[in-house]
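Reader: Could you take me through one part of this model up close? I'd like the place where the two chains meet, and then whatever it leads you to on either side.

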Amino acid sequence: MARLTSIVLDPNGYDLPDHQRRVLRWTIYIGYAALVAGVFHGLANALSYAGITILGWFPGLRTYYQGLTAHGVANVLIFTFSFGNAFLPLLTARALARPLNTGLLWSSLIALVVGNILTIYAVVSNQATVLYTSYAPLQAHWTYYLGLALVVVSTWLALANMLVALVGWKKEHRGDRIPLLAYISVTSYVMWLLASLPIAVEFLVFLLPWSLGIREHVDPLLTRTLFWFTGHAIVYAWLLPAYVSWYALIPRQVGGALISDSYTRIVWILFLLLSIPVGFHHQYVDPGISNGLKAMHGVLTFGVFFPSLATAFSVMAALEIGGRRAGGKGLFGWVGKLPWGNPSVTAQILAMLTFVLGGATGLVNASFTMNQVIHNTAWVPGHFHMTVGSAVALTLMGVAFWLIPYLTRRALFSRKLALASAWIYTIGVLIFARGMIAGGLDGMPRRTFLAEAAYSNPAWRLDGIVTGIGGTMMFTGVMLFFIVIGLTIVAGRREGAPRDIPVSQTLTAPAKHGWELALDRIGVWSIVAIVLILIAYGPFLLGYRIIPISPGFRLF
Amino acid sequence: MKVHTYEKAFLAVGIVVLVACMIALVYASLVHGIHLPGSSGRIHPAEVTNTPPFDKPGVYQRGPNAYEAIMIGRAWNFQPVEIHVPAGADITFTATTVDVLHGFNIEGTRLNMMLIPGQISRNQYRFKEPGEHLLICHEYCGLGHHLMYGKVIVHPAGTPLPES
């Protein structure tokens with residue numbers, strides 16, 4: 001084996017001060033609590049497809065759509081960003097071997113908590129049953145928009161914390177390459193900063209003043225476009241923390257190595273450049289947007305598939321190196337030698353495998369001819385439960401199996417139960433997605449209370465039952481996860497917890513000179529990204545005449 | 001930067017697949033005429049019911065083998081709720097909404113549009129066979145969203161169409 005290079009400054013370890021670890025731990029707890037809270041509504045939604053209504057059992061929940069709003073907000077907004085807010089700064093600090101800024105750490109947590117309280121109030125009191133996409137002119141209570149805006153602010157504060165650490169490190173290490181783990185952690189949230197600006201404008205300039213009565217009308221196509229301006233890149237903001245784990249931690253956890261430093265940095269730059277100028281592929285069947293722009297975004301969407309292809313190779317290669325080092329022989333012999341007994345690894349490998357199907361179905365969505373067959377049908381949630389619902393959710397569950405013990409200094413409560421949760425969830429999501437995708441191809445709509453719909457189609461019957469069975473298994477998997485993590489926190493043994501973050505090594509070290517140094521110019525690449533965004537969105541934004549025409553509707 | 005041979009091969013295959021998909025896209029839209037709804041004009045949602053053509057929703061013959069269906073979505077129904085069209089003719093669907101976002105999806109076809117307040121949605125479809133299709137609102141539009149649907153009844157070519 002060639003000489004290996006660490007992806008952090010100090011491979012021997014670095015511990016954040018205890019008071020900072022505590023803030024990160026509570027940030028993470030909010031995320032996992034949101035995951036668990038959100039899947040109750042997920043179960044109700046999945047069972048509705050099977051014709052079963054369990055909404056009556058939920059105290060304080062009046063309608064199917066209120067539950068669906070709670071499911072979306074809790075599971076894709078609060079869960080993912082709470083995790084990212086803690087995980088990425090933690091890794092940045094580890095990579096640079098320096099503490100974070102305590103003031104920024106607390107302000108990020110406070111913004112997140114206040115944002116959560118406002119959002120939960122609005123959703124639970126049934127004043128924000130607008131689903132997580134919050135399309136105007138359905139109008140939510142102002143606490144909903146302000147709450148979610150504060151959640152976005154918390155992510156900016158988390159990024160600010162990482163940038164402060166990075167700038168401080170740079171001053172002391174002039175001319176050095178940024179340690180890879182810090183580079184990918186910071187770049188993930190730099191991408192999100194750019195991506196989050198349109199939704200910040202949507203909420204703060206339009207929807208919040210409108211919900212307060214300061215504005216009387218909004219332009220629904222404009223606010224919807226601003227939403228999707230952020231709305232596709234947001235999925236990469238959820239995905240990139242999972243990718244950080246796959247690239248930077250999983251190789252170590254399987255005893256392998258990451259193949260290339262430069263390659264990894266290029267993948268992150270491609271995500272920075274291509275995640276954002278693709279939003280119109282969510283609006284293929286919208287009126288008022290030219291087909292030329294839709295086609296351009298379609299091509300760029302195919303482009304952003306490329307770094308994920310590259311990831312598939314890189315991550316699988318790292319796994320193979322680990323499997324062969326453990327004695328795996330032949331073409332596939334190494335697969336069996338991977339540490340399948342380690343729930344953190346197993347959950348994440350299952351997440352990767354499910355993501356292959358998620359990516360393939362995503363290509364169908366991106367193809368504007370086929371998109372017309374499946375747009376807003378059950379196919380779409382079938383697809384994204386194999387991306388954010390597995391590649392992200394299952395990876396974050398897998399990360400929890402070492403991260404919670406690391407942060408609490410308590411050993412994982414039960415390895416077997418943890419393994420069971422990952423397998424049950426994976427099998428569940430595959431069954432669930434099979435039902436949803438088949439239903440979608442038969443025209444079964446998404447976001448619809450099918451159990452009590454005024455219409456039906458005999459073809460949906462079996463698809464709905466399959467969806468319900470899969471959803472029930474997913475719910476069971478998350479409940480087992482909750483039990484394992486909850487008992488780890490309160491009753492885990494005091495010894496046997498991991499003392500360091502599992503940071504990997506690379507086979508090819510970062511170059512000391514040459515063109516590769518330019519990869520570290522995150523600021524310059526951000527400017528290139530902004531130029532690309534302006535090319536992709538400029539024609540629409542410049543040519544669009546804003547006509548505020550819609551008063552608020554509260555039809556819930 | 002050294003790139004491994006297997007990696008080059010993997011990425012090359014990936015790029016070929018992506019490019020092939022894009023060629024298929026272009027082929028489908030040029031040769032089979034599969035288009036998306038684009039820019040078809042704007043309308044004030046409060047004025048829809050007294051602005052032509054939406055003041056008289058229904059199906060109208062526009063040419064020897066061409067029809068236009070004028071439709072309105074509102075919480076929580078379509079107007080007209082049931083339309084009659086002939087098989088084998090080009091049907092242009094022109095629709096908009098008077099209140100919130102609605103979906104406009106004719107089950108079993110690729111006719112799939114969003115209705116957005118202030119915008120006119122338009123796309124064309126040709127039904128090959130007679131039969132009945134559900135018209136489903138597939139965008140959440142409030143508490144009664146799952147009650148919002150309509151019907152498209154396709155009649156054999158050449159038979160007289162009932163009033164829509």
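Author: Let's fix one term before anything else: two residues are in contact if their C-beta atoms, placed from the backbone, lie within 7 Å. Keep in mind too that this is a predicted model. With that cut-off, 58 residues of chain A are in contact with 53 residues of chain B.

Who supplies the chain A side? The elements that give two or more residues to it are α6 (220-231), β2 (258-260), α8 (261-274), α9 and α12 (368-374) of chain A. Of these, α9(A) gives the most, with eight residues. Sorted by class, the side of chain A that touches chain B has 33 nonpolar, 17 polar and eight charged residues.

Start with α9(A), then. This helix covers residues 291-325 of chain A, 35 residues in total, and reaches 52 Å from its first C-alpha to its last, close to the 51 Å expected at 1.5 Å a residue. After α9(A) comes G327(A), whose phi is positive, near 105°.

Now α6(A), another contributor to that side. At 1.5 Å a residue its 12 residues should span 16 Å, and its end C-alpha atoms are 16 Å apart, so the two agree. α6(A) is mostly covered, with 12 of its 12 residues buried. Among them are R224(A), L226(A), F227(A), W228(A) and F229(A). The cover over the buried residues of α6(A) includes α5 (180-211), α7 (233-253) and α17 (522-543) of chain A.

There's a spot elsewhere in chain A that also belongs in this story: L131(A), in the loop between α3 (102-124) and α4 (142-172) of chain A. L131(A) counts as buried because it has 21 C-beta neighbours inside 10 Å, and the cut-off is 20 or more. Leaving out residues up to four places away in sequence, L131(A) touches Y65(A), L68(A), T69(A), G72(A), R447(A) and, from chain B, Y140(B). As for T508(A), 377 residues away along the chain, its C-alpha atom is separated from that of L131(A) by 46 Å.

Going further into the nonpolar interior, the largest nonpolar core has 238 residues, and those with the most contacts inside it are Y145(A), L181(A) and M191(A). Helix α2 (residues 64-96) of chain A brings the largest share of this core, 20 residues. Take Y145(A) as an example: neighbours within four places in sequence aside, it is in contact with A140(A), F203(A), L207(A), L208(A) and S211(A).

That leaves the partner. Chain B has one helix and 10 strands, and along the sequence the helix comes first, followed by the strands, in the pattern α-β-β-β-β-β-β-β-β-β-β. The domain assignment of chain B gives domain 1 (1-34) and domain 2 (45-155), and the C-alpha centres of these two domains lie 36 Å apart. The C-alpha atoms of chain B fill a box of roughly 70 × 40 × 30 Å along the principal axes. Its radius of gyration is 20 Å, whereas a compact globule of 164 residues would have one near 15 Å. Of the 164 residues of chain B, 38% count as buried. Finally, among contacts in chain B between residues at least 6 apart in sequence, 64% join residues at least 24 apart.

Methods. Residues are numbered from 1 along each chain as its sequence is written. Chains are lettered from A and ligands numbered from 1 in the order in which they are written. This is a predicted model: local features need pLDDT of at least 70, side-chain atom pairs count only at pLDDT 80 or more; totals for chains, interfaces and linings use all residues. Helices (H or I, at least four residues) and strands (E, at least two) are DSSP runs, numbered from the N terminus. The expected span of a helix is 1.5 Å times one less than its number of residues. A nonpolar core is a set of buried Ala, Val, Leu, Ile, Met, Phe, Trp, Tyr and Cys residues joined through C-beta atoms within 7 Å. Ala, Val, Leu, Ile, Met, Phe, Trp, Tyr, Cys and Pro count as nonpolar, Asp, Glu, Lys and Arg as charged, and the others, Gly among them, as polar. Domain bounds come from an automatic or database domain assignment. The radius of gyration is taken over C-alpha atoms; the globule rule is 2.2 Å times the number of residues to the power 0.38.
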